[in-house]
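Grab a pencil and open the structure viewer. Here are some short exercises, each with a worked solution to check yourself against.

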Amino acid sequence: MKKQKEDIPLQYFERNIVVILFFIAITALFGILTYSYFLAFHPLMFVLGIPTVILIFQTLWILLNPFAVIYEDKFEMKKTMFSNKQWYFIDIKTVSDVTPKGFTITYNDDDEEVISTFGIRGSHKKTFRDAVNHYVCKSLVVERADD
């Protein structure tokens with residue numbers, strides 16, 4: 001059997017505290033409403049119960065997972081429980097400077113994509129962009145050395 005290569009995370013980037021507190025507050029609000037309807041045995045309890053359970057899992061997921069992780073050959077952004085996107089450094093040609101919306105990556109075929117940094121800790125935005133740029137440049141040097 002062929003053993004798959006294990007991805008070892010090189011850097012983690014944390015979430016913004018305001019986003020975490022927002023999710024905790026919304027989850028607490030839904031939890032209190034659901035519990036109050038549960039005590040009164042109101043039919044609205046069933047309507048609010050499902051979003052409350054989803055919010056509880058989403059909030060726990062946000063608390064336990066970093067915003068972004070950089071590996072040797074890719075980076076991964078985990079914005080929510082339902083969106084987990086990966087970008088491979090070998091496909092990226094350049095990385096632009098950080099703007100309030102995020103930064104732009106240019107692929108090898110000159111397509112551009114804006115990487116939104118909403119939800120990442122403010123002090124980590126430039127560091128995250130610099131780390132992505134570092135590994136993109138590193139992959140370009142390795143690619144040219146192979147040619």
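## Exercise 1: Confidence

In this predicted model, confidence bottoms out in helix 3 (residues 125–146), with a mean of 82, and peaks in helix 1 (residues 17–39), at 95.

**Task.** Work out how far to trust the model overall: what does the pLDDT of the protein average?

**Solution.** Start with the mean: the protein averages a pLDDT of 89. Then check the spread, where 94% of the residues score at least 70.

## Exercise 2: The nonpolar patch

**Task.** Find the nonpolar patch on the surface and say which helix gives the most to it.

**Solution.** Step one is to list the members: Ile 17, Leu 21, Ile 24, Val 53, Ile 56, Phe 57, Leu 60, Leu 63 and Leu 64. Together they offer about 850 Å² of accessible area.

Step two is to sort them by element. Helix 1 and helix 2 (44–64) each supply at least two residues of the patch. Helix 2 wins, giving six residues.

Step three is to test one member, Ile 56, which sits in helix 2. Patch residues need over 30% relative accessible area. Ile 56 has 38%, so it counts as partly exposed and clears that bar.

## Exercise 3: The negative patch

**Task.** Pick out the patch of negative charge on the surface, then decide: is Glu 112 buried or exposed?

**Solution.** The patch gathers Asp 91, Asp 109, Asp 111 and Glu 112. Now zoom in on Glu 112, found in strand 7 (residues 112–116). The cut-off for exposed is over 50% relative accessible area. Glu 112 has 61%, so it is exposed.

## Exercise 4: Salt bridges

**Task.** How many salt bridges does the count come to? Take three of them and describe the partners.

**Solution.** The count comes to eight salt bridges, going by nitrogen-to-oxygen contacts within 4 Å. As background, side chains of opposite charge can pair when their charged atoms come close.

- *Lys 78 and Glu 76.* Their side chains meet at 4.0 Å, N to O. Buried means under 20% relative accessible area. Lys 78 has 15%, so it counts as buried. Glu 76, at 6%, is buried as well.
- *Lys 85 and Glu 113.* This salt bridge has an N to O distance of 2.9 Å. The pair ties together distant parts of the chain, with Lys 85 in strand 4 (residues 84–88) and Glu 113 in strand 7, 28 residues apart. Lys 85 is partly exposed, because its relative accessible area is 41%.
- *Arg 129 and Asp 130.* These side chains pair at 3.1 Å, N to O. Arg 129 is buried at 10% relative accessible area, whereas Asp 130 is partly exposed at 32%.

## Exercise 5: From pair to network

**Task.** Which residues are linked in a network of salt bridges that includes Arg 129 and Asp 130?

**Solution.** Go back to the Arg 129 and Asp 130 bridge and look for further partners. The network links Asp 97, Lys 126, Arg 129 and Asp 130.

## Exercise 6: A contact across the chain

**Task.** Look at Lys 125 and Val 98: what separates their C-alpha atoms?

**Solution.** First place Lys 125, which lies in helix 3. With a relative accessible area of 22%, Lys 125 is partly exposed. Next, compare sequence with space: Lys 125 and Val 98 are 27 residues apart along the chain, yet their C-alpha atoms are separated by 7.4 Å.

Definitions and conventions. Residues are numbered from 1 along each chain as its sequence is written. This is a predicted model: local features need pLDDT of at least 70, side-chain atom pairs count only at pLDDT 80 or more; totals for chains, interfaces and linings use all residues. Side-chain values use heavy atoms; hydrogens and water are left out. Patches are made of residues with over 30% relative accessible area and no salt bridge: like charges are joined within 9 Å, nonpolar side chains (Val, Leu, Ile, Met, Phe, Trp, Tyr) within 5 Å. Accessible areas come from the Shrake-Rupley method with a 1.4 Å probe; for residues, only the protein chains shown count as cover. Lys and Arg count as positive and Asp and Glu as negative; His and the chain ends are not counted. The place of a charge is taken as NZ of Lys, CZ of Arg, CG of Asp or CD of Glu. Helices (H or I, at least four residues) and strands (E, at least two) are DSSP runs, numbered from the N terminus. Buried means under 20% relative accessible area, exposed over 50%, partly exposed in between (1.4 Å probe, protein chains only). pLDDT is the predictor's confidence in each residue, from 0 to 100.
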